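Colleague: I am new to this structure and would be grateful for a close look at a single part of it. Could you choose one part and describe how it is built, from its interior to its surface?

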Amino acid sequence: MRDHLAPVLIVLALLAGVPLVVDSNVVLNFLKVALMLALAGTGWNLLGGYGGQFSFGHAVFFGTGAYAVAVLQVRFGINAWAAFGAGIVLGAVLGLAIGWLTFRAGLRGSYFALVTLAFAEVARIIASVWPLTGAGAGILIPLREGFLTLQFGSRAEGYWFVLALLGIAMLIVRAIEVRRFGAQLVAVRENEDAARALGVDVLRVKLLAIALSGGITASAGAFYAQTFLYLDAGLAYGPWISVEALLTAIVGGIGTVWGPLLGALVLQALSELGKHLGGDAPGLGLVLFGAVLILVVRFAPNGIVGLARSLRPRRLARG
Amino acid sequence: MAELLAEAEGITVRFGGLVAVNDASVPVPEGCIVGLIGPNGAGKTTLFATIAGFQKPNAGSIRFRGADITRLPPHRRAALGIARTFQIVQPFAGLTVRENIAVGAHLRHAGRADALAAAEAVADRVGLAPLLNLPAASLTVAGRKRLELARALATEPQLLLLDEVLAGLNPSEIRDMIPVIRAIRDGGVTVLMIEHVMQAVMALAEEIHVLAGGRIIARGGPEQVARDPAVVEAYLGHGAAARLQGGAHA
Ligand SMILES: Nc1ncnc2c1ncn2[C@@H]1O[C@H](COP(=O)(O)OP(=O)(O)OP(=O)(O)O)[C@@H](O)[C@H]1O
Ligand SMILES: [Mg+2]
């Protein structure tokens with residue numbers, strides 16, 4: 001009955017074992033960031049990969065999660081865990097609001113993409129001038145290690161925390177895949193009119209998808225804030241995370257559970273490699289990502305997952 | 001006469017200056033196959049779209065089981081039991097045939113396993129069973145038409161709107177489809193079909209409405225409509241009926 005969740009659970013368990021055998025901070029930090037990007041990408045993938053609504057502005061959710069967790073703690077003295085939860089809820093509510101404005105107006109394709117980009121940019125500008133978010137100076141979460149403050153001294157704990165977040169997100173996506181909502185979401189991606197004719201409430205499906213998507217990507221932002229303990233508008237709402245979120249999914253395999261995780265590992269490895277080879281040459285990372293994107297779109301439109309599937313010998317050529 | 005399942009009443013649809021449908025009324029008795037025929041551009045597809053909820057009429061109303069549904073969106077009408085196919089087929093190209101049909105089946109079956117089972121049963125009825133695992137994009141024209149039909153059927157409709165499901169099929173494929181459509185009606189589904197393939201409408205429909213220039217110009221049984229001079233003129237041009245009559249006497 002729960003067969004479909006098994007592969008995800010097995011891989012999560014294997015990943016959870018990594019800190020027990022690997023003692024290198026470099027490796028754990030690398031994985032922590034990769035998992036955080038995979039989490040942001042999993043949110044993007046639910047809306048973009050399964051639902052076909054391409055967002056260029058998922059930074060708006062990432063940043064909102066990040067700022068929520070920081071502002072609620074620093075300005076209002078709210079417990080870190082509660083603030084973290086609030087950040088996720090806020091991301092989902094913001095998703096609903098953006099969905100309500102865009103989907104009800106019938107925005108699709110590149111129009112939707114551009115409007116999401118605009119939302120992220122507006123958020124970035126507001127955060128860079130608003131005193132509540134620390135304006136230009138940014139906001140610092142005071143260092144207080146401990147379980148209650150959600151600041152993990154040991155690298156392994158932070159790693160396990162983000163792995164748990166990613167695990168929950170992947171299980172949610174996997175569960176959706178095998179349910180009515182998943183079938184309807186994919187139908188909306190493939191052909192809205194046909195979906196509508198078959199009784200699919202297209203607006204409702206899109207709203208639910210963007211709410212879940214916003215919540216998941218907001219959790220990645222909240223994790224970012226709790227890990228690096230410093231935010232400014234460019235970090236939280238900058239285009240970098242909008243790009244990373246969609247790239248992880250596209251490189252790994254759009255519209256698949258595994259895509260964002262695989263894509264994040266590959267992209268993070270590439271960007272580390274780029275740093276080693278090219279030093280800190282500005283823009284090198286983006287050039288590298290651009291090249292990867294072109295290669296993937298040209299030669300492996302279904303990403304790493306698609307490549308793997310096409311290499312595997314066909315089982316049971318039925319029909 | 002059986003009770004009316006659905007009724008389009010006084011429907012008018014304008015596209016800018018063009019009146020695509022002009023005060024057209026089509027009653028659909030329950031349990032029948034009703035044909036809607038007419039020359040290209042007559043407004044048949046547009047009239048269909050108003051019944052399925054894809055096109056708002058400028059005037060007139062749509063009734064289903066006595067209730068006014070003129071303002072309901074398409075997905076609500078589907079839930080009530082109205083399903084349509086598209087003249088220009090609209091497959092979910094990236095999905096398999098099974099997944100395509102399952103989207104329709106999900107309207108009445110929440111569970112995945114139920115919906116998939118229902119999808120397979122429908123595929124059997126329309127002759128798509130051997131193709132269930134193929135991507136929809138790989139189907140031939142005939143296959144895609146069957147898929148349109150299968151998806152609509154999977155929603156378990158009471159009223160099925162078929163928009164030229166036989167167009168583009170070869171004569172033997174058409175012969176295969178006629179019993180399929182008849183079996184759907186015999187299964188209790190009322191059918192309203194747009195069709196250019198006369199031999200098929202004549203064989204299937206109990207009642208035919210003829211639309212030309214947006215207006216209903218004739219209605220009745222197949223024989224009666226085929227003999228109607230107004231219908232012959234609409235298809236073949238002004239004076240054609242008289243010429244044909246003359247030819248028959250010669
Ligand atoms: N969305 C639209 N905008 C503008 N004009 C339209 C639109 N849809 C249809 N029309 C026009 O309305 C008229 C009726 O079109 P419709 O498609 O309903 O005809 P039809 O009877 O289905 O024809 P066919 O047998 O060729 O399918 C045509 O002149 C068509 O060009
Ligand atoms: Mg038509």
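Modeller: A residue is called buried when its relative accessible area is under 20%, exposed when it is over 50%, and partly exposed in between (1.4 Å probe, protein chains only). The model is predicted, with local features needing pLDDT of at least 70 and side-chain atom pairs pLDDT 80 or more, while totals for chains, interfaces and linings use all residues. Residues are numbered from 1 along each chain as its sequence is written, chains are lettered from A and ligands numbered from 1 in the order written, and side-chain values use heavy atoms, without hydrogens or water.

The part chosen is chain B. Of its 250 residues, 52% count as buried. Chain B is built from 10 helices and 10 strands (DSSP runs numbered from the N terminus: H or I of at least four residues for helices, E of at least two for strands). When contacts in chain B between residues at least 6 apart in sequence are considered, 65% join residues at least 24 apart; contact here means heavy atoms within 4.5 Å.

As for overall dimensions, the C-alpha trace of chain B spans about 65 × 40 × 35 Å along its principal axes. The radius of gyration of chain B is 18 Å, which agrees with the value near 18 Å for a compact globule of 250 residues (taken over C-alpha atoms; the rule is 2.2 Å times the number of residues to the power 0.38).

At the surface, chain B exposes about 10,500 Å², by the Shrake-Rupley method with a 1.4 Å probe. Carbon and sulfur atoms supply 53% of that area in chain B.
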